[in-house]
Amino acid sequence: MRKTEDLNPYKIALEQLDEAAKKIDLDKNLHEKLKYPKRTLIVSIPIYMDDGTVRVFEGYRVQHSLERGPAKGGVRYHPDVTLDEVKALAMWMTWKCAVVNIPFGGAKGGVVCDPAAMTERELERLTRRYTSEIGIIIGPEKDIPAPDVNTNPKIMSWMMDTYSMNKGYSVPGVVTGKPLDIGGSKGRLHATGKGVAAVTEDILSQKGISVSGATAAIQGFGNVGSWTARFLYDKGCRITGITDISGGVFDPKGIDVPKLIEYTSGKKIPSLEGYPESEFEKNPEEANRRLIGSEVDVLIPAALESQITSRNAEMIKASVIVEAANGPTTPNASNILEKRGVTVIPDILANAGGVTVSYFEWVQDLQSNFWKEKDIDASLIDIMKTAFKDVSDISRSEKVDMRMAAYMLAVGRVAKAAKLRGLYP
Ligand code: NAD
């Protein structure tokens, strides 16, 4: 094992691709092609701050692959965003769309900024200028952004409006995760959490555990963490710990999730801080340490990358980890968990519900024909359960863990499309 663990997400993504390529005996030339993003755009985003000064932010849009269709992927606003992180997230989007077999390639965007320290007007100016700058490579038939960490339906409205203003007509299909009134889809807001809950139920049932008697701990209580918690709670799962950037809420008898959602969503920036109904641990590091070592059936990281590393993988007592976040487990930690017999449902499968309903939203926008929520939810569950079964079958037949099985399926599908299309010119 290496002495110090390299947490660079792009290096991790390349390592994962290399391992899958070896397993499926991927053609060397195709392997070489898939290592690189197709397009990388770095933009400067100068905006007026509310005090009249100009500040310049750095932003990125990376398209990893367009082999199976237009590129698709979220936009992240965070002070720690780096180009390598966005490149990794774009590559993971390619594999994710392929695992659930939807006709998209992978992309991702990011802006280095701290939204918590900005006003709404500043965030709007930032979003509009960023959208204009990346406008040369996005579009409904080219690349379709969506929400990710610290971005939401309101930000998607500004992106859609800015792109439309530059075109001279409304283009709802340029982004997904929009509010319903401007071409958003029913079911999109909760889609990722619904998908995470569905695969959690599947893996528990494979292990002979009923979700209604199970226990879970969740890191992150934003869009993905809170909806995952809500769906698992509704299925009778007891959630004993939840953390976010402000600390953690713990209750061995089970957290009242609807009450917690009501509490956090009443704030300007949703936060667990000071929740009075259960024990609140206000030191975020201590809260995460406790959460990761929780005596639960399922641990669900739903925050950021590299949260489960070789430093804490030995502490994990859960027998199942469902990766709701992108890239939460490092390769070293994955090896430790595999040796310890912990089952990991990988991000590219577990959190694919969001992009699946984004695909439905895009189709609805292109057709100006909007579907019922019950049909959307049913199609989402059908796609997630099919993907879970496809990956499980490969895992069993090839005697590999679920992550490798998902990669074998995804890389194989993308490579097939790349081979059929050939190399231009
Ligand atoms: P979000 O901004 O809504 O929420 C992020 C949450 O993580 C917040 O509760 C924040 O406080 C918490 N957090 C941040 N740093 C933390 C830390 N060090 N410890 C504990 N909690 C911390 O973001 P989101 O949309 O819920 O995305 C979460 C993850 O899910 C990301 O990895 C994202 O890429 C992935 N994802 C999101 C979607 C989607 O539809 N939004 C889809 C697929 C994957």
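Helices here are DSSP runs of H or I with at least four residues, strands are DSSP runs of E with at least two, and both are numbered from the N terminus. Every view below comes from a predicted model.

**View A. E5, in the segment before helix 1 (9-24).** Is E5 buried or exposed? E5 counts as buried, because its relative accessible area of 19% falls under the 20% cut-off. The side chain of E5 has a partner to look for: a polar contact of 2.2 Å joins it to the side chain of T330.

**View B. Strands 7, 8 and 9, zipped up by antiparallel bridges.** Start with strand 7 (residues 238-244) and strand 8 (residues 247-250): they run antiparallel, and four bridges hold the pairing. Just two residues sit between these strands, and together they make a hairpin. To find your place in the ladder, pick G241, whose bridge partner in strand 8 is F250. Strand 8 also pairs with strand 9 (residues 279-281), again antiparallel, through three bridges. Here V249 is a handy landmark, with F280 as its bridge partner in strand 9.

**View C. An aromatic cluster of F104, Y359, F360, W362 and W371.** The model has seven aromatic pairs in total. One of them is F104 with Y359, set edge-to-face at 5.7 Å centre to centre and with 90° between the planes. What does this pair link? It brings together distant parts of the chain, since F104 belongs to the loop between helix 3 (83-99) and strand 4 (105-112) while Y359 belongs to helix 12 (residues 353-367), 255 residues apart. The two rings are not covered alike: F104 is buried, at a relative accessible area of 1%, whereas Y359 is partly exposed, at 21%. Y359 also pairs with F360, this time tilted, with 5.9 Å between centres and 45° between planes. F360 counts as buried because its relative accessibility is 5%, under the 20% cut-off.

**View D. Two charged side chains parked over aromatic rings, K87 and R290.** Which ring has the charged end of K87 sitting over it? That would be Y10, with the charge 4.4 Å from the ring centre. In the other example, R290 lies over the face of F250, at 4.0 Å from the ring centre. You've met F250 already, as the bridge partner of G241 in strand 8.

**View E. The ligand, in a shell of 23 residues.** The closest of these residues are D148, N150, T192, V224 and N326. Where are the polar atoms that approach the ligand? Among them is an N or O atom in the side chain of D148, 2.6 Å from a ligand oxygen. I245 comes in through its backbone instead, placing an N or O atom 3.1 Å from an oxygen atom of the ligand. For N288, look at the side chain: one of its polar atoms lies 2.9 Å from a ligand nitrogen. How much of the ligand does the protein bury? Taken alone, the ligand exposes 830 Å², and the protein buries 87% of that. Helix 7 (223-234) and strand 7 are the elements that give two or more residues to this shell. Strand 7 is also the one in the hairpin of View B, paired there with strand 8.

**View F. Backbone curiosities at S306, S368 and the Y424 to P425 bond.** Most residues other than glycine have a negative phi, and most peptide bonds are trans, so departures from either habit deserve a look. S306 has a positive phi of about 50° although it isn't a glycine. You'll find S306 in the loop between strand 10 (298-301) and strand 11 (320-322), and it is buried, with a relative accessible area of 16%. S368 likewise has a positive phi, near 50°, and it isn't a glycine either. S368 belongs to the loop between helix 12 and helix 13 (373-398). Is S368 buried or exposed? S368 counts as exposed, because its relative accessible area is 60%, over the 50% cut-off. Finally, follow the chain from Y424 to P425, where the peptide bond is cis, with omega near 5°. P425 sits in the segment after helix 14 (402-421).

Note on methods. Residues numbered from 1 in each chain as written. Predicted model: local features only at pLDDT ≥ 70, side-chain atom pairs only at ≥ 80, totals over all residues. Heavy atoms only, no water. Pairing = 2+ DSSP bridges. Phe/Tyr/Trp six-rings, centres within 6.5 Å; stacked < 30°, edge-to-face > 60°. Buried < 20%, exposed > 50% of the residue type's maximum accessible area, 1.4 Å probe, protein only. Lys NZ or Arg CZ within 6 Å of the ring centre and 35° of its normal. Near = heavy atom within 4 Å. Polar contact = N/O pair within 3.5 Å; in protein donor to acceptor, adjacent residues only side chain to side chain. Areas by Shrake-Rupley, 256 points an atom, 1.4 Å probe, with all protein chains shown as cover.
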